[in-house]
Amino acid sequence: MSYAVIKTGGKQFVVTKGRTVRVPSIDAEVGKSVELDAMLSARDSDKNKPVVGAAKVSATVRDHGRDTKIVVFKKKRRKNHTKRKHGHRQDLVELRIEEIRHGS
């Protein structure tokens, strides 16, 4: 089974053909195809010999959504420092990996 490591949104993801992965937001409409560069790739015939930066990954955008809420709370006791509470929800895109094209 071949795999590739892609980097998008400042994070790295290990993907294989047919897998669905949720990545930080990409500007693409649902149903459109996107092309991603692989940082590292390997395939069955190479037997434990990954190749750096020699593949392209084709994926289809399936859905746009948001992640669960993360609460950030800051407080310093006895410093006349006000308590601060912030929430954050990351925008995500669900991608279905269609093909991994290995370089030569």
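This tour passes through the sheet, the nonpolar core and the salt bridges of a predicted model.

**The sheet**

Begin by displaying the strands in a ribbon view. Six strands form an open sheet, and their order is β2-β1-β4-β5-β8-β3, with antiparallel pairing. Which strands stand at the edges? They are β2 and β3; each has a single partner strand, so one side of each is left without a neighbour in the sheet. From one strand to the next, the twist averages 45°. As general background, the strands of a sheet pair through backbone hydrogen bonds, either parallel or antiparallel.

Next, select β5 and β8 together. These two strands run antiparallel and are joined by eleven bridges. To see one of these pairings at the level of residues, select Val 61, whose bridge partner in β8 is Leu 95.

**The nonpolar core**

Now turn to the side chains. The largest nonpolar core has 19 residues, and those touching the most other members are Val 15, Val 21, Val 23, Val 57, Leu 95 and Ile 97. Which strands supply at least two residues each to this core? They are β1, β2, β3 (20-24), β4 (33-42), β5 (51-66) and β8 (91-102).

Select Val 15, which belongs to strand β2 (residues 11-16). Is Val 15 buried or exposed? Its relative accessible area is 0%, so Val 15 is buried. Leaving aside residues up to four places away in sequence, Val 15 touches Tyr 3, Ala 4, Ile 6, Val 21, Val 57, Ile 97 and Ile 100. For one of these, Ala 4, a distance can be checked in the viewer: the C-alpha atoms of Val 15 and Ala 4 are separated by 5.5 Å, although the two residues are eleven apart along the chain.

From Val 15, move to Val 21. With residues up to four places away again set aside, the contacts of Val 21 are Phe 13, Val 15, Val 93, Glu 94, Leu 95 and Ile 97.

Then select Thr 8, in strand β1 (residues 3-8). Thr 8 counts as buried because its relative accessibility is 12%, below the 20% cut-off for that class. Beyond residues up to four places away in sequence, Thr 8 touches Phe 13, Val 23, Pro 24 and Ile 26. Phe 13 is thus a contact of Thr 8 and also of Val 21.

**The salt bridges**

Finally, show the charged side chains. The whole structure contains five salt bridges, and three of them are visited here.

Select Arg 101 and Glu 35, whose side chains meet in a salt bridge at 2.2 Å, N to O. Arg 101 lies in strand β8 and Glu 35 in strand β4, so this pair ties together parts that are 66 residues apart in sequence. Arg 101 is partly exposed, at 33% relative accessibility, and Glu 35 is also partly exposed, at 42%.

Continue to Asp 37 and Lys 56, which form a salt bridge at 2.4 Å, N to O. Here strand β4 holds Asp 37 and strand β5 holds Lys 56, so the pair ties together parts 19 residues apart in sequence. Lys 56 counts as partly exposed, at 37% relative accessibility.

End at Glu 99, which forms a salt bridge with Arg 101, the closest N and O atoms being 3.5 Å apart. Which residues do salt bridges with shared partners join into one network? They are Glu 35, Glu 99 and Arg 101. Glu 99 is partly exposed, with a relative accessibility of 37%.

Definitions and conventions. Residues are numbered from 1 along each chain as its sequence is written. This is a predicted model: local features need pLDDT of at least 70, side-chain atom pairs count only at pLDDT 80 or more; totals for chains, interfaces and linings use all residues. Side-chain values use heavy atoms; hydrogens and water are left out. Helices (H or I, at least four residues) and strands (E, at least two) are DSSP runs, numbered from the N terminus. Buried means under 20% relative accessible area, exposed over 50%, partly exposed in between (1.4 Å probe, protein chains only). Contact means heavy atoms within 4.5 Å. A nonpolar core is a set of buried Ala, Val, Leu, Ile, Met, Phe, Trp, Tyr and Cys residues joined through side-chain atoms within 4.5 Å. Two strands pair if DSSP finds at least two bridges between them. Axes are lines fitted to C-alpha atoms, for helices over the stretch in contact, and angles run from 0 to 180 degrees between N-to-C directions. A salt bridge is a side-chain nitrogen of Lys or Arg within 4 Å of a carboxyl oxygen of Asp or Glu.
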